[in-house]
Amino acid sequence: MTNRTVALPDGTHIPAIGQGTWYMGDDPARRATEVETLRTGAACGMTLIDTAEMYGEGAAETLVGAAIAPLERDELFLVSKVYPHNAGRDRIFDSCRTSLDRLGVETLDLYLLHWRGDVPLAETVACKEQLQADGLIRRWGVSNFDVADMEELMAVPGGDACAVNQVLYHLGSRGIEFDLLPWQDAHGIPVMAYCPLAQGGRLSAGLLRDEAVAAVASRHDATPAQVLLAFVIRSGTVVAIPKASTPAHARDNAAALELRLTDDDLALLDQRFPAPDRKMPLDME
């Protein structure tokens, strides 16, 4: 498998495609399949696994813990997120330790603020710094932050240590390309794209069946989903974290690491799904 990575501000390289876990762990009947899926994805090079205390109120973290138990911890890059209402001094330390307990590990590689809430950013950043000093997390970041939020974060003491901003991004939702993505590129902060295939439903189905996407897929003997993932990671500064439902699905996602879109491919996709020409509201699922 091609070793395509994205560099974090501290020089650490992470896989350009990882594994998302939203809605995983909710159905006990699917537990064995989901565990096998995550292990298969890791074996295929998608060693970054993203989860959150919100997902199933801890069920996804518990599932990830079961999946990674027999794996080499040092070969994984584990990401979790804290609820905004838990991101203050009175709750974040317990939240982080609970996430670690569910995952069965001693340290998170990346700990994100899931979205902005009422806790001041300065307080959250100070708490994240303490978690780092205590060895519970290696680095921290944010999620669902737009440009104004990122600029406010940079003005907070220690805010410039932010490693990642995780936002919704896919071919059918390109709003961040107008301002947020260029801003993050200029500051050396990668984007982590959740729902890179869109989150199910009509939009996802429409992207996967789109004629332009199908034409590009045909050129490369690839699947439409692989084209969508290759589009998201094309710049080298964006990490995609698709969720897979089966081991075969995980292998298909990982194969997108091999797919490099040509200028002609991108021109065709741009024609069908134009890049934004003005500021767009930040999409959230």
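This is a short guided walk through the structure above, from its sheet to its helices and a few chosen residues. Please keep in mind along the way that the model is predicted.

A good place to begin is the sheet. Seven strands form an open sheet, running in the order β3-β4-β5-β6-β7-β8-β9, and their pairing is parallel. At the edges you will find β3, residues 48–50, and β9, residues 238–240, each of which pairs on one side only. From one strand to the next, the twist averages 25°.

Let us look at β7 and its two partners. On one side of the story is β6, residues 140–143, which pairs with β7 in the parallel sense over two bridges. Here S143 stands opposite Q166 of β7. Then there is β8, residues 191–194, which pairs in the parallel sense with β7, residues 165–168, over four bridges. In this pairing, V167 has A193 in β8 as its bridge partner.

In a regular strand, side chains alternate between the two faces of the sheet. You can follow this in β7: N165 and V167 point one way, while Q166 and L168 point the other way. All four of these residues, N165, Q166, V167 and L168, are buried.

Now for two residues that come with a record. UniProt, in an unreviewed entry, lists Y55 under "active site". The same kind of record, also an unreviewed entry, has a "binding site" annotation that covers H114. Where do these residues lie? Y55 is in the loop between β3 and α2, and H114 is in the loop between β5, residues 110–113, and α4, residues 121–133.

Is Y55 buried or exposed? Its relative accessible area is 7%, so Y55 is buried. H114, with 6% relative accessibility, counts as buried too. Setting aside residues up to four places away in sequence, Y55 touches T21, W22, D50, A60, K81 and H114. So the two annotated residues meet each other, since contact means heavy atoms within 4.5 Å. Seen from H114, and again without neighbours within four places in sequence, the contacts are A52, M54, Y55, K81, V82, P84, S143 and N144. K81 appears in both lists, and S143 is the residue we met opposite Q166.

From the loops we can move on to the helices. Two packed helices are described by the angle between their axes and the distance between the axes. Helix α2, residues 59–68, packs against helix α3, residues 92–103, at an angle of about 40°, with the axes 7 Å apart. That angle makes α2 oblique to α3. The meeting involves E61, T62, V64, G65 and I68 from α2, and S99, R102 and L103 from α3. By type, the residues of this contact are three nonpolar, three polar and two charged.

Helix α3 also holds C96, whose relative accessibility of 0% means that C96 counts as buried. Beyond its neighbours within four places in sequence, C96 is in contact with L108, Y111, L131, L136 and I137. One of these, L108, is 12 residues away from C96 in sequence, and their C-alpha atoms are 8.7 Å apart.

Helix α4 offers two more buried residues to visit. T124 lies in this helix and has a relative accessible area of 5%, so T124 is buried. Leaving out neighbours within four places in sequence, T124 is in contact with A87, L113 and V119. V125 is in α4 as well, and at 2% relative accessibility V125 counts as buried. Its contacts, counted in that way, are W140, L153, V156, P157, G158 and G159. For a sense of distance, the C-alpha atoms of V125 and L269 are separated by 39 Å, and these positions lie 144 residues apart along the chain as a separation.

Our last stop is a pair of loop residues with an unusual backbone angle to look up. Y23 is not a glycine, but its phi has a positive value near 70°. Y23 sits in the loop between β2, residues 13–15, and α1, residues 31–43, and at 45% relative accessibility Y23 counts as partly exposed. D221, likewise not a glycine, has a positive phi of about 55°. Its place is in the loop between α8, residues 211–220, and α9, residues 224–232. With a relative accessible area of 75%, D221 is exposed.

Key: Residues are numbered from 1 along each chain as its sequence is written. This is a predicted model: local features need pLDDT of at least 70, side-chain atom pairs count only at pLDDT 80 or more; totals for chains, interfaces and linings use all residues. Side-chain values use heavy atoms; hydrogens and water are left out. UniProt positions are given in the numbering used here, feature names are shortened, and annotations may be inferred rather than shown by experiment. Buried means under 20% relative accessible area, exposed over 50%, partly exposed in between (1.4 Å probe, protein chains only). Axes are lines fitted to C-alpha atoms, for helices over the stretch in contact, and angles run from 0 to 180 degrees between N-to-C directions. Angles under 35 degrees count as roughly parallel, over 145 as roughly antiparallel, 65 to 115 as roughly perpendicular and the rest as oblique. Ala, Val, Leu, Ile, Met, Phe, Trp, Tyr, Cys and Pro count as nonpolar, Asp, Glu, Lys and Arg as charged, and the others, Gly among them, as polar. Two strands pair if DSSP finds at least two bridges between them.
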